[in-house]
Amino acid sequence: MADPKGFLTTKRENAQHRPVFLRLKDWREVYDEFGNERVQKQAGRCMDCGIPFCHQGCPLGNLVPEWNTLVWRDDWRRAAERLHATNNFPEFTGTLCPAPCESACVLGINDDPVSIKRVEISIVDRAWDEGWIAPQVPTTKTGKKVAVVGSGPAGLAAAQQLTRAGHDVVVFERADAIGGLLRYGIPEFKMEKSRLDRRLDQMRAEGTEFRTRVNVGEDITAAQLREEFDAVVLAGGATAWRDLPIPGRDLKGVYQAMEYLPPANKVAAGQLDRSPIHAEGKHVVVIGGGDTGADCVGTAHRQGAASVTQLEIMPKPPESRAEAHPWPTYPLLYRVTSAHEEGGERVYSVSTTEFVGDGDGNLRALRLAEVAVVDGRFTTVEGSEREIPADIVTLAMGFVGPEKGALLSDLGVDLDERGNVARGRDFQTSVEGVFTAGDMGRGQSLIVWAIAEGRSAAAGVDAYLTQRTFLPRPIEPTDRPLV
Ligand SMILES: Cc1cc2nc3c(=O)[nH]c(=O)nc-3n(C[C@H](O)[C@H](O)[C@H](O)COP(=O)(O)OP(=O)(O)OC[C@H]3O[C@@H](n4cnc5c(N)ncnc54)[C@H](O)[C@@H]3O)c2cc1C
């Protein structure tokens, strides 16, 4: 156990965010410094519970009490080893995860939970700084070739596990750079891309090959893929976005979030001078209250928007756990992200009824109405319709599943009832030798689930190719969050 009285004597603390006026001038991560001595004290709050519910909260089964104890004892190197025992990329989860482990922390029953995410990111940052993270080059090779389609966190986790198991792994990505949503969806202010690039260097040194600008199914056919490789992992994500087909949808100024965010990320990375969709001096309305919406809000602030309004059809969530979400579940709560701290307005229980043009094909305003839930259905509140100014609207309403293009149809994989790629317990699809991991099989989800999926699918592939495996399999395809 860490400090036996830590949970009684130390209050929860976390890194502050940099002042808003400063951080809006750059794209860098928003967090301020948080010294390692303070991290040790925070780790000391861990009670090393007999039944560590944080393990269950985390799809990766992270060994949270073990690394908390090691950090408290100032043994950061062993803490980093225990952290990497269950997670290929703790810096992705340490910056981006909504931390279901913290919602499941036993201390959270009657106090603030342990700052698990802060301890996680501090361990991995220190491990990189000290040079403890080195390539793990396989000592024996199997002679088997594996293609991974898609380079998001699921594809990367599968590729790293399979490379380390001795297979020759090629990751195909249709974009011009590796990383999936980590690269071009999630903004720099949530996770700096240098964190991703450092991991990719490690993976290259281990032997993973990356091929960008290859749209599998078009530039290389499914048949060619099957011929060249002994197994295939489909990790193409759930990239088919949900649209809002209401009057005015075709006006100039209405975009999908994933049309708006990628060029902004390229500007932050120095690849573009200015985004073709720029919010400077404009009234921006974001439709959708989730992570993607918050990323649009933070991006619009940094571009100098005149106003930013975020609309959500659901009512405002409660500020503390509702009865329906008891500990240790991940509760639906009113959360204030760093983007929300930076300004703008959040409007709940509203539905957009029309995009209004200026007569010249450009968006001028958005018409909305308040809604109430009556008999389980959204019903418009009579007389509540109004117009708000809008020069740019971004649709951040989620994703309906994987794209149903040539890749899936030519391979002939079955889909499940939700339109995701169907798979069995070993993450193998209906086509022998073809596996799937991440949002492509699970539907729109989280990075921590994508990494867990990639690790688990790698175990399935390894067993298929070599008839046995020592790779861990943290989840079943049917596992769901504790909500
Ligand atoms: C804007 C945004 C913000 C988010 N923020 C968070 C967050 O803060 N925390 C969190 O936990 N989750 C977040 N998520 C969700 C998270 O990013 C995803 O759940 C996760 O990235 C899924 O990983 P994946 O590897 O399955 O797919 P993806 O990351 O979507 O990667 C799939 C990749 O496959 C490529 N691809 C697809 N088809 C082909 C093909 N035929 N040939 C070659 N390449 C192909 C795509 O180009 C893409 O790069 C966010 C999502 C979005 C959209």
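**Exercises on a predicted model**

At 33% relative accessibility, R386 counts as partly exposed, a class between buried (under 20% relative accessible area) and exposed (over 50%), with a 1.4 Å probe and protein chains only. This is a predicted model, where local features need pLDDT of at least 70, side-chain atom pairs count only at pLDDT 80 or more, and totals for chains, interfaces and linings use all residues. Residues are numbered from 1 along each chain as its sequence is written, and side-chain values use heavy atoms, leaving out hydrogens and water.

**Exercise 1.** Find which side chain meets R386 in a salt bridge, and place both residues.

Step 1. The partner of R386 is E370, at 3.7 Å from N to O; a salt bridge needs a side-chain nitrogen of Lys or Arg within 4 Å of a carboxyl oxygen of Asp or Glu.

Step 2. R386 lies in strand β13 (residues 386-389) and E370 in strand β11, so the pair ties together parts 16 residues apart in sequence. Strands (E, at least two residues) and helices (H or I, at least four) are DSSP runs, numbered from the N terminus.

Step 3. E370 is partly exposed, at 36% relative accessibility.

**Exercise 2.** Decide whether R23 and E341 are buried or partly exposed, and describe their link.

Step 1. R23 has a relative accessible area of 1% and is therefore buried, whereas E341, at 38%, is partly exposed.

Step 2. Their side chains form a salt bridge of 2.8 Å, N to O.

Step 3. E341 belongs to helix α16 (residues 338-341) and R23 to helix α2, 318 residues apart.
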